[in-house]
Amino acid sequence: MSRGFLAVVGSPRPNSTSGFFAQYLVDGLAGRGWQAQRLSVRTAIRRPERWPELEKAFIEADVVALVTPLYVDSLPAELTLALERLAAARAGRGGRLCAVLNCGFAEARHNDVALDICRLFARDAGLRWAGGLAIGGGGMFAGKPLKDQGGKARHIAAAFDDAIVALDAGQDIPESALQGIRGKAVPTWVYFAMANLSMLIGAAKRGNLFKIGARPYARGD
Ligand SMILES: Cc1cc2nc3c(=O)[nH]c(=O)nc-3n(C[C@H](O)[C@H](O)[C@H](O)COP(=O)(O)O)c2cc1C
């Protein structure tokens, strides 16, 4: 009987980076004979008739991956709600859980608290923690499948490939993949320059280029 993999996508955005990352893992494990699927927390929470689908898939999966953006140094609210509902759902049925966090800032370490939250969820849900993958500069990988991202995402695809092999073999994600994925796609100063430029262009487009320092709600001294 084939093994089951579920990627739980925590981003509320359509065509999210998390969704593309989840799809890469789904395709990789499906290629190794797994019954692999991804489901959106947004759909399951906002459309109550879709919740049972997520709950059933979560209970039946041999490996679950939480694939999500970082929101305010934590998990998106709908994912938190889903995890609260799912924590007791497996009722002692063993399995494994890993997590893939991506954040907007360049440094992957911003994701570490949220990965700890995922690890503690695994403990509470009775799942073996298989490892947490932390990705910085998530905005650089937006809008396209991971396999079409080119060289800037090579460290992510390589770590995912190693994770797929390990999960397929019943092992935890290797330390080399957990560390390798934390590499920066570009140096921090380049990232800041690009971010500043895109904000200046955004302000200019709205006619606010020379009002960036405005504090209209500040109290007078
Ligand atoms: C409400 C909100 C809160 C966020 N909080 C953080 C944060 O605390 N730190 C950070 O580095 N990025 C933060 N981000 C940026 C997202 O993590 C980043 O854009 C990510 O790539 C989005 O991934 P997705 O396409 O899978 O949703 C935040 C974004 C939103 C919309």
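Reader: Which atoms of the ligand and of Ser11 should I look at, and how far apart are they?

Author: A polar contact is a pair of N or O atoms within 3.5 Å, so that is the kind of pair to hunt for. This is a predicted model, and in it an N or O atom in the side chain of Ser11 sits 2.6 Å from an oxygen atom of the ligand. Ser18 also uses its side chain: a polar atom there is 2.5 Å from a ligand oxygen. With Thr17 you should look at the backbone instead, where a polar atom is 2.9 Å from an oxygen atom of the ligand.

Reader: How much of the ligand does the protein bury?

Author: Think of the ligand on its own, then put the protein back around it. Alone, the ligand exposes 650 Å², and the protein buries 72% of that.

Reader: Which residues around the ligand come nearest?

Author: There are 16 residues around the ligand, and the nearest are Ser11, Arg13, Ser18, Leu70 and Asn102. Sorted by class, this shell holds six nonpolar, eight polar and two charged residues.

Reader: Now for empty space. How do I read that?

Author: Rolling a probe the size of a water molecule over the atoms shows where empty space is left. Here, the largest pocket holds about 260 Å³ of space. Its lining has 16 residues, with Gly4, Gln35, Ala57, Glu60 and Ala61 closest to the centre.

Reader: Which elements give two or more residues to that lining?

Author: Those are β1 (4-9), β2 (35-40) and α3 (51-60). Of the elements, α3 gives the most, with four residues. The lining of this largest pocket divides into six nonpolar, four polar and six charged residues.

Reader: And what lies nearest the centre of the second largest pocket?

Author: Arg13, Thr17, Pro69, Asn102 and Gly139 do, out of 13 lining residues. You've met some of these names already: Arg13 and Asn102 are among the residues that come nearest the ligand, and a backbone atom of Thr17 is 2.9 Å from a ligand oxygen. The second largest pocket has about 190 Å³ of space, and its lining has four nonpolar, eight polar and one charged residues.

Reader: How many cavities of 30 Å³ or more does a search of the whole structure find?

Author: A cavity is a space where the probe fits but cannot get out, while a pocket is open. The search turns up one cavity of 30 Å³ or more. The largest cavity has a volume of about 50 Å³. Residues lining it include Ala106, Gly136, Met140, Phe141, Lys184 and Tyr191. By class, that lining has six nonpolar, two polar and one charged residues.

Notes:
Residues numbered from 1 in each chain as written. Predicted model: local features only at pLDDT ≥ 70, side-chain atom pairs only at ≥ 80, totals over all residues. Heavy atoms only, no water. 1 Å grid on protein atoms, 1.4 Å probe; cavity = no way out; pocket = protein on both sides within 12 Å on 5 of 7 lines; lining within 4 Å. Points joined across faces, edges and corners; volume = space filled by probe spheres on them. Nonpolar A, V, L, I, M, F, W, Y, C, P; charged D, E, K, R; others polar. Near = heavy atom within 4 Å. Polar contact = N/O pair within 3.5 Å; in protein donor to acceptor, adjacent residues only side chain to side chain. Areas by Shrake-Rupley, 256 points an atom, 1.4 Å probe, with all protein chains shown as cover.
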